[in-house]
Amino acid sequence: MKLLKNFQGKKVLVTGHTGFKGSWLVAWLKSLEANIVGIALDPPTSPSHFDAANLKDGIESIILDIRDSDAVKEVVMKTQPDFVFHLAAQALVRNSYEEPLTTWNTNLNGTLNILDALRKLKKKCIAVLITSDKCYDNVEWVWGYRETDRLGGEDPYSASKGASELAIRSYIKSFFPKDSSLIRIGSARAGNVIGGGDWAENRIIPDCIKAWSKGELVDLRNPNATRPWQHVLEPLSGYLTQAMALKDKSELHGESFNFGPFSIQDNSVVDLVSNMAKYWDQVKWRDVSSEDSGPYEAGLLKLNCDKALHLMGWYGNMNFEQTLQTTVEWYRSFYKNPENSDKQTIDQIQNYMMQAKDKGIDWAQ
């Protein structure tokens, strides 16, 4: 299998490894027998996927602030990684209005600290720096954004991700020349990610699960907002694919890639919640859009992922129903038998890889 061949025994540095996406990436890399070093703050929620799945075991987990440039540089130099996946971020739009400076410092300066540490590295290394689908200047048109579309963002979170993309581009042009750099770097853009083990505030799936597990109503702030929902394993397969492609193809150094589902999978929030009722008992909600006076949130945002398909053979593996079923099954297992969460996580990763292999998706072969 390509994944095992590329990551088995390799030193892999993951920033944000205690977060939702980062912890799922750690679980996947552990199954590939990679040597993992993680740097992040403590898990951002309790419970957390990182703790529930016992992901601290078998890796080197370093608790530090990505904004600490000296500490980041020290870890990178000590680790001498073969691969870097940078996911550490303040990842919530609503929180960015409450703590804009923290959001900017974490997302922009954290990315700069990784880039500057890589500048000191004197060995071959592949780095995938994850930003967000919200890095684009979203005018809510009905077609998907391409990697060449204008960057921007009206809220602090989105703007900080657009700025991170500019920082990545600047560092690559200035310090990592395409024809001679030992370090190959690419940026990855994805969003609307759901999956088991997410307990973040002000996110639709965690809000639902936390309320329904107590038999309570969940408030839907934007029930008609439409999103291309995707399971967490989908963009992670994209990041892993991009890393392998960067390793083999120098022409992809400096390129950005979108990772998202086919546009047919666009569904509203109320569609999402209604369909979850198939897999969770006692589903109850109410529309509070007329009462909610929270900050602006986009109603429509989708990505065009043709570039990833044509240059790397990547495309999504799950449909909407599979995404919801896999997500809810993880939570049901957790609330019924929490000590089984590590096995549930690995089983879902293995099933996902087998499905991709059966479909002939390139990275799974």
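This is a short selection-by-selection tour of a predicted model, moving through a few helices, two helix pairs and some unusual backbone spots.

**Stop 1: helix α2 and the residue after it**

Start by selecting residues 20-31, which form helix α2. Its 12 residues span 17 Å from first C-alpha to last, close to the expected 16 Å. Now colour by accessibility: α2 is mostly covered, with 10 of its 12 residues buried. Among them are the aromatic residues Phe20, Trp24 and Trp28, and Lys21 is buried as well.

Step just past the end of α2 to Glu33. Glu33 sits in the loop between α2 and β2, and its phi is near 65°, a positive value in a residue other than glycine. Most residues other than glycine have a negative phi. Is Glu33 buried, partly exposed or exposed? At 47% relative accessibility, Glu33 counts as partly exposed.

**Stop 2: a cis peptide bond**

Next, select Ser46 and Pro47 and check omega: it is about 5°, and the bond joining the two residues is cis. Pro47 belongs to the loop between β2 (35-40) and α3 (49-52). Most peptide bonds are trans.

**Stop 3: helix α6, on its own and with α7**

Select residues 100-119 to bring up helix α6. This helix has 20 residues and reaches 28 Å between its end C-alpha atoms, close to the 28 Å expected. Look along the helix for a kink of about 25°, centred on Asn109. On either side of that residue in sequence, Leu108 and Gly110 are among the buried residues of α6. The buried set also includes Thr103, Thr106, Asn113 and Asp116.

Keep α6 on screen and add helix α7, residues 156-175. The two axes are 9 Å apart and the helices pack at an angle of about 15°. Angles under 35 degrees count as roughly parallel, and α6 and α7 are therefore roughly parallel to each other. To see the contact, show side chains on α6 including Trp104, Leu108, Thr111 and Leu115, and on α7 including Tyr157, Ala163, Ile168, Tyr171 and Phe175. The crossing of α6 and α7 is right-handed.

**Stop 4: the α8 and α10 pair**

For a second pair, select α8 (residues 204-212) and α10 (residues 269-276). Their axes come within 11 Å and cross at roughly 40°, so α8 and α10 are oblique to each other. This crossing is right-handed too. Which residues meet here? Ile204, Ile205, Cys208, Ile209 and Trp212 from α8 face Val269, Leu272, Val273 and Met276 from α10.

While α8 is selected, pick out Ala211. Ala211 is buried, with a relative accessible area of 8%. Leaving aside neighbours within four places in sequence, Ala211 is in contact with Glu216, Leu217 and Val218. If you draw a distance from Ala211 to Asn54, C-alpha to C-alpha, it reads 25 Å, for a separation of 157 residues in sequence.

**Stop 5: two buried polar residues**

Move to Asn192, in the loop between β6 (183-189) and β7 (193-194). Its phi is near 55°, a positive value in a residue other than glycine. Asn192 is buried, at 11% relative accessible area.

Finish on Gln242 in helix α9 (residues 233-248). Gln242 is buried, with a relative accessible area of 1%. Not counting residues up to four places away in sequence, Gln242 touches Val128, Gly186, Ser187, Ala188, Glu255, Phe257, Phe259 and Met312.

Notes: Residues are numbered from 1 along each chain as its sequence is written. This is a predicted model: local features need pLDDT of at least 70, side-chain atom pairs count only at pLDDT 80 or more; totals for chains, interfaces and linings use all residues. Side-chain values use heavy atoms; hydrogens and water are left out. Helices (H or I, at least four residues) and strands (E, at least two) are DSSP runs, numbered from the N terminus. The expected span of a helix is 1.5 Å times one less than its number of residues. The bend at a residue is the angle between axes fitted to the seven residues ending there and the seven starting there. Buried means under 20% relative accessible area, exposed over 50%, partly exposed in between (1.4 Å probe, protein chains only). Axes are lines fitted to C-alpha atoms, for helices over the stretch in contact, and angles run from 0 to 180 degrees between N-to-C directions. Angles under 35 degrees count as roughly parallel, over 145 as roughly antiparallel, 65 to 115 as roughly perpendicular and the rest as oblique. A crossing is left-handed if the near helix is turned anticlockwise from the far one by less than a right angle, and right-handed if clockwise. Contact means heavy atoms within 4.5 Å.
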